[in-house]
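This report is meant for a reader who has not met this structure before. It goes through a few single residues, a metal site and the chain as a whole.

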Amino acid sequence: MTRPQHLTLRVHLPAALARQLGARRKQTGQSLSAIIVQALERLLGDEDQTVFQTSTVNALMEGASTGDMTMGELKTHGDFGLGTFDGLDGEMIELDGKVFQVRADGHAHPVEDSTRTPFATVSFFKADESARLDRPYGQAEMLATVATMLPSQNIFHALRIEGRFDYVKTRAVAKQDKSVGLEQAAREEPVFEFHDVEGTIVGFFTPDYLRGVNVPGYHLHFITADRSAGGHMLDCRVADVTIKIHHTPEFELGTPGTEEFLKADLSRDHTAAIAKIER
Ligand SMILES: [Zn+2]
């Protein structure tokens, strides 16, 4: 079967966008086609290299927990990721384009596209590296194995670790009153333990220099294979899993338009507190 070399598109542009396109053409002297091809390349070409995040971990620490971005919008930036929900109402796991919420009772359930998040990190997952791990490694040894698969600790990486675990320990924050920070919310978090369980770890590695923006090092969430339970991962012991790593050298940060984000004091250093509550 031969594929066409070109595709000719006929699209209806909103008037405002058409005006902007005309202005750009005048500004740069490019053809309309060239501008549109460039825009599509930027949208689709970099997509599989980009980590997208809304808000920052320091904003959560400062209590900016009102949901801003909808799941529908978040899904346009990635099919894989983690985060939380409006008012820190549980732990978010996005896997294969479906978003799940693990509430403080430990149960996972799918959420509507209209649900909002104050903080999330996502990417379009594509495995660059893959390795099987079938030793009874604890979380630290498992992550040491992951570290050998990272060509650099100075870029983001998405991690998908899937299979059977002897043991998994998670937590889920409970919905908070407005402007309660993550540190206080995590103080009374319910903890859950799973034995001999199948499931998937959804995680990111964040470079140390991005402290304040995301959790430096590994941030892992877990969901069972039947998508019924999970949470923010605290500990595990591997039985037989596949580690998949997606290298993501591009980073896009969207900042919420909420008043509490815009007025938060984001100059404070929460590194020690974040290390304590996120591990
Ligand atoms: Zn988490």
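Aspartate 196 counts as exposed, because its relative accessibility is 54% and the cut-off for exposed is over 50%. The model is a predicted one, and the values below are computed from it. Aspartate 196 belongs to strand E11, which covers residues 191-206. Its backbone has a positive phi of about 45°, although aspartate 196 is not a glycine. Most residues other than glycine have a negative phi.

Arginine 227 also has a positive phi, of about 60°, and is not a glycine either. Arginine 227 sits in the loop between E12 and E13. With a relative accessible area of 23%, arginine 227 is partly exposed.

Two further residues can be set beside these. Serine 114 lies in the loop that runs between strand E6 (108-110) and strand E7 (116-117). Serine 114 is exposed, at 56% relative accessibility. Its C-alpha atom is separated by 25 Å from that of alanine 264, and the two residues are 150 residues apart along the chain.

Is phenylalanine 52 buried or exposed? Phenylalanine 52 is buried, because its relative accessible area is 3% and buried means under 20%. Phenylalanine 52 is part of strand E1, residues 50-54. Leaving aside residues up to four places away in sequence, phenylalanine 52 touches Met69, Leu74, His77, Ala120, Thr121, Val122, Glu252 and Gly254. Between phenylalanine 52 and threonine 76, which are 24 residues apart along the chain, the C-alpha separation is 9.9 Å.

The table lists the accessibility of the four residues.

| Residue | Relative accessible area | Class |
|---|---|---|
| Phenylalanine 52 | 3% | buried |
| Serine 114 | 56% | exposed |
| Aspartate 196 | 54% | exposed |
| Arginine 227 | 23% | partly exposed |

Next comes the metal site. Which residues coordinate the zinc ion? The donors are His219 through NE2, His221 through NE2 and His232 through ND1, at 2.1 to 2.2 Å. Along the sequence these donor residues follow the spacing H-x1-H-x10-H. Histidine 221 in strand E12 (residues 217-224) and histidine 232 in strand E13 (residues 230-248) are 11 residues apart, and this pair links distant parts of the chain. Histidine 221 and histidine 232 are both buried.

The last part concerns the whole protein chain. Its secondary structure consists of 8 helices and 14 strands. The radius of gyration is 20 Å, and the globule rule gives 19 Å for 279 residues; the two values are close, so the chain is as compact as a globular protein of that length. Along the principal axes, the C-alpha trace spans about 60 × 50 × 35 Å.

Of the 279 residues in the protein chain, 48% are buried. Among contacts between residues at least 6 apart in sequence, 78% join residues at least 24 apart. The exposed area of the protein chain is about 14200 Å², and 49% of this area is supplied by carbon and sulfur atoms. There are 29 positive and 40 negative side chains in the protein chain, and 6 Å separates the centres of the two sets.

Terms used:
Residues numbered from 1 in each chain as written. Predicted model: local features only at pLDDT ≥ 70, side-chain atom pairs only at ≥ 80, totals over all residues. Heavy atoms only, no water. Helix = DSSP H or I, 4+ residues; strand = E, 2+ residues; numbered from the N terminus. Rg over C-alpha atoms; globule rule 2.2 N^0.38 Å. Buried < 20%, exposed > 50% of the residue type's maximum accessible area, 1.4 Å probe, protein only. Contact = heavy atoms within 4.5 Å. Areas by Shrake-Rupley, 256 points an atom, 1.4 Å probe, with all protein chains shown as cover. Lys, Arg positive; Asp, Glu negative; His and termini not counted. Charge placed at Lys NZ, Arg CZ, Asp CG, Glu CD. Donors = N, O, S within 2.8 Å, 3.2 Å for Na, K, Ca; no water.
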